[in-house]
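Trainee: I'd like to practise backing up the labels we put on a structure. Can we go through one together?

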Amino acid sequence: MFEFFSTIFNILIYEPILNFLILLYNILGNFGLAVIALTVIIKLFLNPLNKKSIESQKLMAEMQPKIKEIQKKYKDDKEQQGRELLKLYQDTKFNPFAGIFVVFLQLPILWALFRIFKSSIELDKLGDILYPFISVPSTINYNFLGVNLAEASIGIALITAVAQYFQAKTMQVPKKQEGKEKDQMEQISEIMQKQMMLVIPVFTFFILFKLPAALGLYWFLITVLNVFQQRKIYNK
């Protein structure tokens, strides 16, 4: 069973990504530019799903006052509370699972990129993986803007962590001030949000600072593109 899923993963995700990367490298002649172009292609591929995920996050944040109102009104009747919440979701066309598929789709892509970037690409083995119309490059130069993308880079790990912070900050929908004190749950929620804004970047840094910089470059670019997309959607 494992071999079956491994074969499917290689055919549908790993090999196409590797082929695209080598094709882009042959065209652009620069490994860093090839990674950037590949990132844009993957982003365009995931864009419809990612857009739904961001819109779902925005809607969920905007619905919080109504959700809290229902929870407070029917705090002693959990069954009615559930029905009212379901009705609210149906009326607003909110799908709480809209962003899950994007996450699950990104994980195998990240794993494929990790397998590609975890060490220098073995050119002598590419002939068995590349499609007939893609030629094996004679050599691959991993230097990009003074960084060896085949090795770990603390600098790229750091700027990616900073980008993750701004992405988490962008995801927060400004709350309307209603001139009333926040209840305990609201205070706890805000504290958790602030903690997550720091935990996620730190977690990102500790993942990337020992991994090849090419993976960090991909992660950084995807994060920046997501920030611009979030700002566009949240500002509507």
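**Checking the labels**

Mentor: Sure, and keep in mind that this model is predicted. Let's start in helix α3, residues 78-92, where R83 and E79 sit four residues apart, so about one helical turn separates them.

Trainee: What makes R83 and E79 a salt bridge?

Mentor: Their side chains meet at 2.9 Å, N to O. The rule asks for a side-chain nitrogen of Lys or Arg within 4 Å of a carboxyl oxygen of Asp or Glu, so this pair qualifies. By that rule the count comes to one salt bridge.

Trainee: Why is E79 called exposed?

Mentor: E79 has a relative accessible area of 57%. Exposed means over 50%, so the label fits.

Trainee: And why is R83 called partly exposed?

Mentor: R83 has a relative accessible area of 44%. Buried is under 20% and exposed is over 50%, so a value in between gets the label partly exposed.

Trainee: Let's switch to the cavity. Which residues line the largest cavity?

Mentor: K43, L46, N50, Q106, I222 and N226. About 30 Å³ of space lies inside, and the structure holds one cavity of 30 Å³ or more.

Trainee: Which elements give two or more residues to that lining?

Mentor: Those are α2 (31-73) and α8 (213-234). The largest share, three residues, comes from α2.

Trainee: How does the lining divide into nonpolar, polar and charged?

Mentor: There are two nonpolar residues, three polar and one charged. Leu and Ile count as nonpolar and Lys as charged, while Asn and Gln fall among the others, so they are polar.

Conventions
Residues numbered from 1 in each chain as written. Predicted model: local features only at pLDDT ≥ 70, side-chain atom pairs only at ≥ 80, totals over all residues. Heavy atoms only, no water. 1 Å grid on protein atoms, 1.4 Å probe; cavity = no way out; pocket = protein on both sides within 12 Å on 5 of 7 lines; lining within 4 Å. Points joined across faces, edges and corners; volume = space filled by probe spheres on them. Buried < 20%, exposed > 50% of the residue type's maximum accessible area, 1.4 Å probe, protein only.
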